[in-house]
Amino acid sequence: MYHGVGGHASVGMLLCPPLGQSLLRTHRLYRQLATGLAAQGVCALRFDYRCSGDSAGDSGSLDWQNCVADIRQAAAELRVRSGCSMVIGFGAQLGGSLALAAAPAAGFAQLILWDPVLDGASHVAELDAWQETLRNDPLHYVRPRSAEEAGGQWLGFPVSLHWRAQVAAWRAAPVRVPTLIVDSLQQPEAGRWSPLAEAGARVVAMRPGTQWGDLHRLEHAILAPDLLRLVVDAAGQPA
């Protein structure tokens, strides 16, 4: 969905969504962010990758390279609709990873990445651990679900072996694009944003932390009251 501004917009922002449970939990926030950006003179475009969200296609056919191609196409659409000369890529979690992967092809002038996944194998292991805990959680199920019943899922969303392997193979590498990392993870960890930070990415802490993996809040929208201010400030002052 396109969020335009009155008059000419020199800057546009493409909002690359996360996937799975994070997509649902950030939907309202992405809409608020796009509306807030437009009110500040920054046009924005929200979209879903093919085989996710409201887009056509079965979730079992989700493909990393198709998502990257969708970002490139969406960035081109934003330029056509708005006439903007500069497009900023924004993404949360795997949306940030995909924005980073697509940055050269999409022609992003800047990246704003909110808790992006930089190590796919670690992220897959984390999702597997959350799924294992969830299937045994008495607050969600009267009886523990068997491994067979809960297999092929991440927090209630089906995941194909193809997508799982693609995510596990992801390793972030720096790109020649000014990058801001919004860090709202709750537990500090040395070197978490390597190798992007070493390549010059700026890291800004946002508190309170985002509860991405809180299994008792899976049905709750993620709130980030300071995110709009951080993103608008960054969009108005490109690195």
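These legends walk you through several close-up views of a predicted model.

**View A. Phe47 and Tyr49 form an edge-to-face aromatic pair.**
Let's start with the aromatic rings, since the structure holds 5 aromatic pairs. In this one, the ring centres of Phe47 and Tyr49 are 5.3 Å apart and the ring planes stand at 85°. Planes over 60 degrees apart count as edge-to-face, so the pair of Phe47 and Tyr49 gets that label. If you look for these two residues at the surface, you will not find them exposed: Phe47 is buried, and Tyr49 is buried as well.

**View B. Trp64 and Trp170 make a tilted pair.**
Here the ring centres of Trp64 and Trp170 lie 5.2 Å apart, with an angle of 35° between their planes. That angle is neither under 30 degrees, as stacked rings need, nor over 60, so the pair of Trp64 and Trp170 is called tilted. The two partners come from distant parts of the chain, 106 residues apart. Trp64 belongs to helix α2 (residues 64-82), while Trp170 sits in the loop between α6 (161-169) and β8 (179-183). Trp64 and Trp170 are both buried. Widen the view a little and Trp163 joins in: together with Trp64 and Trp170, Trp163 forms one aromatic cluster.

**View C. Helix α4 crosses helix α6.**
The axes of α4 (residues 120-135) and α6 come within 5 Å of each other and cross at roughly 130°. With that angle, α4 is oblique to α6. Which residues of α4 and α6 meet here? From α4 come Gly120, Ala121, His123, Val124 and Asp128, and their counterparts in α6 are Arg164, Val167 and Ala168. Sorted by class, this contact of α4 with α6 has 4 nonpolar, 2 polar and 2 charged residues.

**View D. Gln110 reaches the backbone of Ala234.**
Gln110 is found in strand β5 (residues 110-114). Is Gln110 buried or exposed? Its relative accessibility is 3%, and the cut-off for buried is under 20%, so Gln110 counts as buried. From there, the side chain of Gln110 reaches the backbone oxygen of Ala234 at 3.5 Å.

**View E. Thr133 is a partly exposed residue of helix α4.**
For a last stop, return to α4, where Thr133 lies. Thr133 has a relative accessible area of 48%, which makes this residue partly exposed. To get your bearings, try Ala69 as a second landmark: Thr133 and Ala69 are 64 residues apart in sequence, and their C-alpha atoms are 34 Å apart in space.

Definitions and conventions
Residues numbered from 1 in each chain as written. Predicted model: local features only at pLDDT ≥ 70, side-chain atom pairs only at ≥ 80, totals over all residues. Heavy atoms only, no water. Phe/Tyr/Trp six-rings, centres within 6.5 Å; stacked < 30°, edge-to-face > 60°. Buried < 20%, exposed > 50% of the residue type's maximum accessible area, 1.4 Å probe, protein only. Helix = DSSP H or I, 4+ residues; strand = E, 2+ residues; numbered from the N terminus. Axes fitted to C-alpha atoms, helices over the stretch in contact; angles between N-to-C directions. Parallel < 35°, antiparallel > 145°, perpendicular 65-115°, else oblique. Contact = heavy atoms within 4.5 Å. Nonpolar A, V, L, I, M, F, W, Y, C, P; charged D, E, K, R; others polar. Polar contact = N/O pair within 3.5 Å; in protein donor to acceptor, adjacent residues only side chain to side chain.
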